[in-house]
Amino acid sequence: MDDFRAKAQAHLVPHFTRGAAWRRGDLIVMDHGDGCYIHDTDGVRYLDGLSGLFCTSLGHSRTDLVAAAAEQMGKLAYYPTWGYTNEPASRAAEMIAEVAPGDLDEVFFVSSGSEAIESALKFARNYHLSRGDTGRYKVISREWSYHGTTLGALAVTGIAKLRDPFAPMLWDGVRHVRNTLGDSVPPGTPPSELASVQAVEDMILAEGPDTVALVVAEPVQNGRGALVPPDGYWPELRRVCDRYGVLLCADEVINSFGRIGHFFASERFAVVPDMITFAKGVTSAYQPLGGVVIRRPLVEQVWDSPMGSFLHGSTFGGHPVATAVAVATITAMHAEGIPGHVLAHQDHLRRGLDALADRHSCVREVRGAGYFYAVELMADRETGTDLTDDDALALLGGVLLGFLKEARLLIRPDDRGATMLTFAPPLVADREVLDDILERTDQVLQRTGEWIAGRR
Ligand SMILES: Cc1ncc(COP(=O)(O)O)c(C=O)c1O
C-alpha cells in the first residue's frame, strides 16, 4: 500500500504546523468521512468536534452536495463572472441575499475567508472614493481577532504572534482596539457605556474620523475563545459607525450559515452591518467558496459614480461548481431546518459543557453560543491557581493533542491569549453526537486535571 505519511513528510508543506510535529512517525492520514465522524487510514474513527475547521456544517458523505457538484461539472465546469454570469452563481447570490439581514442584497464571491476580508477592505476604500471621500483608508479591528493570512487580512488580524514576523510587509492603516472579553455595564446603564464600544469611538476620534474607512469585527469572536458580545454591543457599534460615516463589516466567516443558530449571526445580535464576510459553511466545505454580502445602496453608489465599478476580482470568484454546492447547501439547510436545530440543541451542549466545568477544576470558564464554544483552562479553579508558562507550553505543545487523540476527539487546543479547547460540532449533530462529544471531553479534562496535579 502507498505510504501517504511518508509522501506527505517528503513533499507536502503543512499549514501552521511545526516541522518537528510533521516529521514525527504518528502523523494521521485521514481517509474518509461519515456524518459527524472521520476515519483514518489505520482504521481509527474520530469524532469531528470542530467541523473540520468550522466548516463541514452538514457533516461528511452528503450525496446531495456531491451530486450538485458532479452535475454542474458536467454542465459548465467554469466560466468567469467578469462581465458574465452563470446559473449557480446567480442562484447562490439570490439565496444568500434572501437570508442576509436588511438591505444586504448584493453578493461578491471569492474562494476563501481571507479573500472575503480583502474584498471588504477594498470595497470600503472603493466606496469612499466613489463619494469623493478620498482620505478614508484606515481600518479598526479588535485584539486577538483572526481575519485571515493574506497580507491585507493579516494586517487586520489582531494576533501579534501571527502579524509580527511580517510587520514590515503590512500596511500601516490598521488600529486594534480591545475586544469584548469581560466587558459589561451595570443593569440600567446604556450599552454606549461599554468600554469595548467606547474604545472604537475613541480610536475613530483619535485617528480623525475622515481617515477611517471601516470597522471589522466578528459577532462571536473566535480568537481569545468564543467571545459573545454583551447585550447592545452591535447596535451601539452601528450607531458609532453611522455617527462618523465609517462602514461596519461583520466578519462571519465562522459565524454564518447556522453556526450561531441563524443564517447570519448579525441577526441574532440585532444589527444590519454594511457588509458581511462569509466562507467555510456556505458550501459545508464541499467546495472552497467565500464572499461578501453588501448593502445594495453602497454597490449602487459605486456603480453610479464616475469610478463605475468595484476594482477587484479573481479567476475563481463565483465559480459555477462552488456556487452550485452553495445552492445545494443552503437548500439543505432550509429543508432540514438547520438554524432551528442549532437553536433547539445549543442549550444541551452548553449545559453539558457547564456540567463538565463544575466537575473539573482545571476549567476556568465556558464561553460561546450556538454550536461554537471555548473551554478555557487553568491549573485549579478551587485555589485560583493559573497554569504556569511551562504548563501552558507543554499542554499546547502536544500534551492536549495526546489526550484528544486517546479520546478520538477532533477539537482544537488553542493558545490565542489563554489555554483553551474550541468546539464547533457539525450543525447536523443531534443529542447523541453532542453527548458523545461531552463524554470524550470529560475523559480529556480528567486526563488534563491529573496531568496538571502531577506537576505540583
Ligand atoms: C473570522 C475569520 N475570518 C477570516 C478567516 C480566513 O479564512 P480562510 O482561512 O478561508 O482564508 C477565518 C479563518 O478561520 C476566520 O475564522
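In the hairpin of β1 and β2, two residues lie between the strands. Gly35 in this hairpin takes a positive phi near 65°. The model is predicted. The two strands of the hairpin, β1 and β2, pair in the antiparallel sense over four bridges. Met30 has Asp40 in β2 as its bridge partner. Strand β2 (residues 37-40) also pairs with strand β3 (residues 45-48), again in the antiparallel sense, over three bridges. Here Tyr37 stands opposite Leu47 in β3.

These strands belong to an open sheet of four, with the order β1-β2-β3-β13. The pairing in this sheet is mixed. Strands β1 (30-34) and β13 (409-410) stand at its edges. Each has a single partner strand, so one side of each is left without a neighbour in the sheet.

A further open sheet contains seven strands. Their order is β4-β10-β9-β8-β7-β5-β6, and the pairing is mixed. The edge positions are taken by β4 (104-110) and β6 (174-177), each of which pairs on one side only. From one strand to the next, the twist averages 20°. At the β4 edge, β4 pairs with strand β10 (residues 290-295). This pairing is antiparallel and runs over six bridges. Val107 stands opposite Val293 in β10. Helix α5 (residues 87-99) packs on the sheet and touches both β4 and β10. The direction of α5 makes about 135° with that of β4.

The surroundings of the ligand were examined next. The ligand has 13 residues around it. Ser112, Gly113, Ser114, Gly148 and Val253 come nearest. Helix α6 (residues 113-130) gives the most to this shell, with three residues. By class, the shell has five nonpolar, six polar and two charged residues.

Helix packing was considered for two pairs that share α16. In one pair, helix α14 (residues 338-359) packs with helix α16 (residues 431-454) at an angle of about 15°. The axes of α14 and α16 are 10 Å apart. Angles under 35 degrees count as roughly parallel, and α14 and α16 are therefore roughly parallel to each other. Their crossing is right-handed. On the α14 side, the contact is made by His345, His348, Leu349, Gly352 and Leu356. On the α16 side, these residues meet Arg431, Leu434, Leu438, Thr441, Asp442 and Leu445. The contact of α14 with α16 has five nonpolar, four polar and two charged residues.

In the other pair, helix α15 (residues 389-406) packs with α16. The axes of α15 and α16 come within 10 Å and cross at roughly 140°. This crossing is right-handed. From α15, the residues Asp391, Val399, Leu400, Phe403 and Leu404 take part. They meet Val444, Arg447, Thr448, Trp451 and Ile452 in α16. The contact of α15 with α16 divides into seven nonpolar, one polar and two charged residues.

Technical notes: Residues numbered from 1 in each chain as written. Predicted model: local features only at pLDDT ≥ 70, side-chain atom pairs only at ≥ 80, totals over all residues. Axes fitted to C-alpha atoms, helices over the stretch in contact; angles between N-to-C directions. Parallel < 35°, antiparallel > 145°, perpendicular 65-115°, else oblique. Left-handed = near helix turned anticlockwise from the far one by under 90°. Contact = placed C-beta atoms within 7 Å. Nonpolar A, V, L, I, M, F, W, Y, C, P; charged D, E, K, R; others polar. Pairing = 2+ DSSP bridges. Near = placed C-beta within 6 Å.
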